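Visitor: Hi, could you walk me through the charged side chains in this one?
Guide: Gladly, let us put the structure up first.
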Amino acid sequence: MTALIYAHAERCLDCRACEVACGREHGASNVTVVRVEDRFAAPLMCRHCDPAPCVAVCTAGALTAADGLV
């Protein structure tokens with residue numbers, strides 16, 4: 001089964017708060033923010049937590065959760 005993460009790259013501020021929140025919740029972060037050619041950043045990888053701490057800390061609204069997917 002492939003896990004998906006829905007991210008709005010145009011909203012991501014590259015603050016990496018999602019990485020920190022995931023790491024605190026699980027002891028090691030399963031979210032990695034990747035910067036693409038200095039144009040945008042996007043979080044990758046996910047455990048689809050419920051509730052998702054990465055979504056809760058994303059002040060830019062770049063991450064969303066719906067129907068069991070983050």
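Guide: What follows is a short chat about salt bridges and how exposed their partners are.
Guide: Please keep in mind that this is a predicted model, in which local features need pLDDT of at least 70 and side-chain atom pairs count only at pLDDT 80 or more, while totals for chains, interfaces and linings use all residues. Residues are numbered from 1 along each chain as its sequence is written, and side-chain values use heavy atoms, with hydrogens and water left out.

Visitor: How many salt bridges does the count come to?
Guide: The count comes to four, where a salt bridge means a side-chain nitrogen of Lys or Arg within 4 Å of a carboxyl oxygen of Asp or Glu.

Visitor: Which residue does D14 meet in a salt bridge?
Guide: The side chain of D14 meets that of R35, at 3.2 Å from N to O. This pair links distant parts of the chain, 21 residues apart, with D14 in the segment before helix 1 (17-26) and R35 in strand 1 (residues 32-36); helices (H or I, at least four residues) and strands (E, at least two) are DSSP runs, numbered from the N terminus.

Visitor: And E19, is that buried or exposed?
Guide: E19 counts as buried at 18% relative accessibility, since buried means under 20% relative accessible area, exposed over 50%, and partly exposed in between (1.4 Å probe, protein chains only). Its salt-bridge partner R16, at 3.0 Å from N to O, is partly exposed at 32%.

Visitor: What about E37 and R39?
Guide: Their side chains meet in a salt bridge at 4.0 Å, N to O, and E37 is exposed at 63%, as is R39 at 59%.

Visitor: Which residues do shared partners join into one network?
Guide: Salt bridges that share partners join D14, R16, E19 and R35.
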